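This report introduces a protein structure to a reader who has not met it before. Its subjects are charged side-chain pairs and the pairing of strands.

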Amino acid sequence: MLDIKIGYVSAHQNLKLVEKDLSKASVVGLDTETTSLDALTGKIRLIQIATADACWVLDMFQLPNAPVKELMEKLLSNKRVVKVAQNFKFDSKFLATNLGIDLRSIESVFDTYLSAKLLEGGQVGANHGCGLDDLCSRLLNIHLDKSFQKFDWAGMLYKEPIAYAGVDA
């Protein structure tokens, strides 16, 4: 696994550390882990925000929605911060249904999945997928362990799935 400083945030007061780190960022990685693939019935379990210094893993089963919504609205609407995400359509649906984020307010998103699809020009085959693990392997020579991709995010968390979520962002 990549050597990344991961900050697990489960207490409201620790969101100040996240805000402080985000205030210095011009680019962030963004991801979510959810209890379902259906944004209408599923819940966001984790929101991961990666900066140059750390990846913050926000546990939405422990944190109150209101301050996280405020943090996310501030981040997502900031034109000066590029938000890099893999298949952001998925994450944005959950942010809208779970937190009430107005999708029209989101600025400056770079979607690695859509970009890969465009660059591949319809030539994606068995050896050239557009999944995050495929892209990291092919373009960065980094192997991502996706063994927790199908983890039960509604259940108890422990160190390994939290680390997986952090690296994924």
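A salt bridge is here a side-chain nitrogen of Lys or Arg within 4 Å of a carboxyl oxygen of Asp or Glu. The model under discussion is a predicted one. A search of the whole structure finds 5 salt bridges, and three of these are described below, beginning with a pair that involves two strands.

**A salt bridge between strands**

The side chains of Arg45 and Asp59 meet in a salt bridge, with an N to O distance of 3.0 Å. Arg45 belongs to strand β3 (residues 44-50) and Asp59 to strand β4, so the pair ties together parts that are 14 residues apart in sequence. Arg45 counts as buried because its relative accessibility is 5%, which falls under the cut-off of 20%. Asp59 likewise counts as buried, at 0% relative accessibility.

**Salt bridges within helices**

Side chains of opposite charge can pair when their charged atoms come close. Helix α1 (residues 15-22) contains both Lys16 and Glu19, which are 3 residues apart, about one turn of the helix. The side chains of these two residues form a salt bridge at 3.8 Å, N to O. Lys16 counts as exposed, its relative accessibility being 59%, whereas Glu19 is partly exposed, with a relative accessible area of 31%.

Helix α2 (residues 65-77) holds another such pair: Lys69 and Glu73 lie 4 residues apart, again about one turn of the helix. In their salt bridge the closest N and O atoms are 3.8 Å apart. Lys69 is partly exposed at 27% relative accessibility, and Glu73 is also partly exposed, at 31%.

The distances of the three pairs are listed together here.

| Salt bridge | N to O distance |
|---|---|
| Arg45 and Asp59 | 3.0 Å |
| Lys16 and Glu19 | 3.8 Å |
| Lys69 and Glu73 | 3.8 Å |

**Strand β1 and its partner**

Strand β4, which contains Asp59, spans residues 55-59 and pairs with β1 in the parallel sense over 4 bridges. One of the residues involved is Val9, whose bridge partner in β4 is Leu58.

In a regular strand the side chains alternate between the two faces of the sheet. This alternation appears along β1 (residues 6-9): Gly7 and Val9 point to one face and are buried, while Ile6 and Tyr8 point to the other face and are not buried. Val9 thus has two roles in this description, as a buried residue of β1 and as the bridge partner of Leu58.

Conventions. Residues are numbered from 1 along each chain as its sequence is written. This is a predicted model: local features need pLDDT of at least 70, side-chain atom pairs count only at pLDDT 80 or more; totals for chains, interfaces and linings use all residues. Side-chain values use heavy atoms; hydrogens and water are left out. Buried means under 20% relative accessible area, exposed over 50%, partly exposed in between (1.4 Å probe, protein chains only). Two strands pair if DSSP finds at least two bridges between them.
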